[in-house]
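Biologist: I would like to learn how to read a protein model one feature at a time. Could we look at it together, beginning with charged side chains?

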Amino acid sequence: MNFLKTLVKSSGNEYASIANDGLEADVSGFIDTGSYSFNALVSGSLKGGIPDNKILGIAGESATGKTYFALGIASQFLKDNKDGAILYFDSEQAVTSTMLSDRGLDKTRVAVFPVSTVEQFRHQVLQILDNYSKLDKADQKPMMIVLDSLGMLSTSKEMNDSTEGKEVRDMTRSQVIKSVFRTVTLKLGKHNIPMIVTNHTYDVVGAYVPTKEMGGGSGLKYAATTIIYLSKKKHKDGDGEIIGNIIHCKAYKSRMTKENRVVDVLLNFDSGLDRHYGLIDLGIKHGVFKKVANKVQFPDGKSDFESKINKNPEKWFTDDVIKVLEEAAAKEFKYGQDEEVADEQG
């Protein structure tokens, strides 16, 4: 409709478009996280992952592996995008060159930005996004932004109060954080740039049911497409040596999949996120696999102990098996038509 196109053009809104031509909020692709189970949790598909133009929040208590988890996803992003880059905003001074190498990241394609305040982060990200938008399309290489962590960022007011010896609570912090996501969310979507934001959680005092909440107010809660809460337990090998952590991932918020779904993924200290861990649980729940005594039986009738299957996953998780598990993942994580209607009515 020429009439509608004229109105859109006259608005002066660079993000406006006719729905049939595609919207800025549309997801054009997914970023593989390196874990089939985590991919399914955030996108509903084993071969999906993080939307390529949205914000993912990773939250948890101290030492739950938030940084390692973010680095694992960043590493997979660089492997899948040979000309891609990671912009890592570090408010904790936690990332070292050795850590990046150990997690398999190409350090020539990772830029680390130490930041201490929300305002610094906002200014630097906006500068980068504005300059990125001025590049020719051919020069706009794939890019991922990581903020680790939101919870450790101070504000200019808090810094000034501390310098002046004032011991008062900064009541502006929540509003400043909201302003960050208000200003960057549309720009990320326009240029298909994903962002990972780690944040800490705390126990809500006085809650009738034990409840976790993120720090920093509601800014990230509203802006993120997906927020995953993490908890962990140690993972040991056959000799009792701790070789990683089993990360318990719960979809606290998700616009693409069912909320409150949970998966377990393995974060190995040496190799990062395990690609296949968690698929056995999914398969058993949806009848793809059977539990026979202490073994897991696959569709072809062959069976073995779960620990042995996890040590040699390529042998067991063939293309045919993955295809069946993909159908199970859709049932487990994607909204069905009836559920959508019930959700809207509720």
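Modeller: Side chains of opposite charge can pair when their charged atoms come close. In this predicted model, Lys187 forms a salt bridge with Asp130, and the closest N and O atoms of the two are 3.1 Å apart. The pair links distant parts of the chain, since Lys187 belongs to helix H7 (residues 173–190) and Asp130 to helix H5, with their positions 57 residues apart in sequence.

Biologist: Is Asp130 buried, exposed or partly exposed?

Modeller: The relative accessibility of Asp130 is 29%, so it counts as partly exposed, because buried would require a value under 20% and exposed a value over 50%.

Biologist: How many salt bridges does the count come to?

Modeller: The count comes to nine salt bridges. Among them is the one between Glu213 and Lys221, whose closest N and O atoms are 3.4 Å apart, and here Lys221 counts as partly exposed because its relative accessibility is 22%. Another joins the side chains of Lys291 and Glu306, at 3.9 Å from N to O. That pair also links distant parts of the chain, with Lys291 in strand E13 (residues 290–292) and Glu306 in helix H10 (residues 306–311), 15 residues apart. Lys291 is partly exposed, with a relative accessible area of 47%, and Glu306 is partly exposed as well, with a relative accessible area of 26%.

Biologist: Which residues are linked in a network of salt bridges?

Modeller: Arg261, Lys285 and Glu332 are linked in such a network.

Biologist: What should I look for when a charged residue is buried yet has no salt bridge?

Modeller: A good habit is to ask what surrounds the side chain. Asp90, in strand E4 (residues 85–90), is such a case, for the nearest side chain of opposite charge, that of Lys66, is 12 Å away. The side chain of Asp90 does reach the backbone nitrogen of Gln93, at 3.0 Å, and one of its polar atoms lies 3.2 Å from the backbone nitrogen of Val95. If we leave aside the neighbours within four places in sequence, Asp90 is in contact with Val95, Val112, Phe113, Pro114, Val115 and Asp148.

Biologist: Both Gln93 and Asp148 were named there; what can the backbone tell us about Gln93?

Modeller: Backbone angles are worth checking residue by residue. Gln93 has a positive phi of about 50° although it is not a glycine, and its place is in the loop between E4 and helix H4 (97–102). With a relative accessibility of 59%, Gln93 counts as exposed. Ala293, which is not a glycine either, has a positive phi of about 55°; this residue sits in the loop between E13 and strand E14 (295–297) and, at 70% relative accessibility, counts as exposed.

Biologist: And is the peptide bond from Asp148 to Ser149 cis or trans?

Modeller: That peptide bond is cis, with omega near 5°. Ser149 lies in the loop between strand E6 (143–148) and helix H6 (156–163).

Biologist: How should I read a whole helix, and why is H3 described as largely enclosed?

Modeller: An α-helix has 3.6 residues a turn, so residues three or four places apart point the same way. Helix H3 (residues 66–80) has 15 residues and reaches 21 Å from its first C-alpha to its last, close to the 21 Å expected at 1.5 Å a residue. Because 12 of the 15 residues of H3 are buried, the helix is largely enclosed by the rest of the structure. The buried residues of H3 include Lys66, Phe69, Leu71, Ile73 and Phe77.

Biologist: Finally, how do I read the protein as a whole?

Modeller: Start with the inventory, which is 13 helices and 15 strands. The radius of gyration is 22 Å, close to the 20 Å that the globule rule gives for 346 residues, so the protein is as compact as a globular protein of that length. The C-alpha trace spans about 65 × 60 × 50 Å along its principal axes, and 46% of the 346 residues count as buried. Among contacts between residues at least 6 apart in sequence, 63% join residues at least 24 apart.

Methods
Residues numbered from 1 in each chain as written. Predicted model: local features only at pLDDT ≥ 70, side-chain atom pairs only at ≥ 80, totals over all residues. Heavy atoms only, no water. Helix = DSSP H or I, 4+ residues; strand = E, 2+ residues; numbered from the N terminus. Buried < 20%, exposed > 50% of the residue type's maximum accessible area, 1.4 Å probe, protein only. Lys, Arg positive; Asp, Glu negative; His and termini not counted. Salt bridge = Lys/Arg side-chain N within 4 Å of Asp/Glu carboxyl O. Polar contact = N/O pair within 3.5 Å; in protein donor to acceptor, adjacent residues only side chain to side chain. Contact = heavy atoms within 4.5 Å. Expected span 1.5 Å × (residues − 1). Rg over C-alpha atoms; globule rule 2.2 N^0.38 Å.
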